[in-house]
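Ready for a few exercises? Take a look at the structure below, try each task yourself, and then read through the solution.

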Amino acid sequence: MENPEKPSSLVKSGFLEDDDIISREDHEQEIEKLKVEIQQCRDVIKAQQQLLQQQINAQCDDKTAILLRDCYLLEEKERLKEEWRLFNDQKKNFERERRNFTESAIRLGHERKVFEEDRATWLKQQFLNMTPFMERKNPKIMKPQSAFSIDSFSFSSVLPQLTNLSQCSKIYKYQDLVTGLRG
């Protein structure tokens, strides 16, 4: 390749004539201008590439951000589903425990009622056995009843013996007297 400073090849081929020859200084100035222009073009290209890359990255970042947000939303949705499932399980357990407690409370109320009835019957029987004011005939001896006995007790057998209020008050006075003597 020929040196561009020597345009001899151009002269030999007949393209340039003597008056078309440019001076060496002009030629060097032109080369310097072209080098500066090339460098400016390279800088512009580099800046455009950076801007393009930033825009692509921004688009990717937007897409990535959207995907990440969707992923987080999906995870949150799954977590909420799991919490709802646990909540519903706890709700079912609570309802079952509430039913069991209610049934137990009702059963306890019935047992307490039967116990109080048995206690009242036993106390009445004790009062009747301790009083000297009973009728001349021997009272019926009653077996103690319990809440778990098969036969249900009727107060009709005891109530006729306690028909007179004054008789009841005498029984209570007698019980107080006996209790005072024992104590």
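A salt bridge here means a side-chain nitrogen of Lys or Arg within 4 Å of a carboxyl oxygen of Asp or Glu. Keep in mind that this is a predicted model, where local features need pLDDT of at least 70, side-chain atom pairs count only at pLDDT 80 or more, and totals for chains, interfaces and linings use all residues. Residues are numbered from 1 along each chain as its sequence is written, and side-chain values use heavy atoms, with hydrogens and water left out.

**Exercise 1. Work out the secondary structure and how much of the protein is buried.**

Step 1: Helices (H or I, at least four residues) and strands (E, at least two) are DSSP runs, numbered from the N terminus. Counting them gives 3 helices and 0 strands.

Step 2: Going along the sequence, you read α-α-α.

Step 3: Now for burial, where buried means under 20% relative accessible area, exposed means over 50%, and partly exposed is in between (1.4 Å probe, protein chains only). Of the 183 residues in the protein, 6% are buried.

**Exercise 2. Find the salt bridge partner of E83, then describe where the pair sits.**

Step 1: The partner is R79, and the closest N and O atoms are 2.3 Å apart.

Step 2: Both E83 and R79 belong to helix α2, and they are 4 residues apart, about one turn of the helix.

Step 3: Check the exposure of each. E83 has 40% relative accessibility, so it is partly exposed; R79, at 39%, is partly exposed as well.

**Exercise 3. Do likewise for R24 and for E95, and look for a network.**

Step 1: R24 pairs with E28, with 3.5 Å between the closest N and O atoms. These two residues both lie in helix α2, 4 residues apart, about one turn of the helix. E28 has a relative accessible area of 39%, so it counts as partly exposed.

Step 2: E95 bridges to R98, with the closest N and O atoms 2.9 Å apart. This pair is separated by about one helical turn because the two are 3 residues apart in helix α2. E95 is partly exposed at 27%, and R98 is partly exposed at 41%.

Step 3: As for the network, salt bridges that share partners join E76, R79 and E83 into one. The full count comes to 7 salt bridges.

**Exercise 4. Which residues make up the negative surface patch, and which make up the nonpolar one?**

Step 1: Get the rule straight. Patches are made of residues with over 30% relative accessible area and no salt bridge; like charges are joined within 9 Å, and nonpolar side chains (Val, Leu, Ile, Met, Phe, Trp, Tyr) within 5 Å. Asp and Glu count as negative, Lys and Arg as positive, while His and the chain ends are not counted. A charge is placed at NZ of Lys, CZ of Arg, CG of Asp or CD of Glu. Areas come from the Shrake-Rupley method with a 1.4 Å probe, and for residues only the protein chains shown count as cover.

Step 2: The negative patch is formed by E25, D26, E30 and E37. Of these, E30 lies in helix α2 (residues 24-130) and is partly exposed, at 41%.

Step 3: The nonpolar patch, about 330 Å², is made by L80, W84 and F87. You'll find F87 in helix α2, partly exposed at 42%.

**Exercise 5. How many disulfides are there?**

Step 1: A disulfide is a pair of cysteine sulfur atoms within 2.5 Å.

Step 2: Searching the whole structure turns up 0 disulfides.

Step 3: For two cysteines, check exposure too: C41 is partly exposed at 42%, and C71 is partly exposed at 35%.
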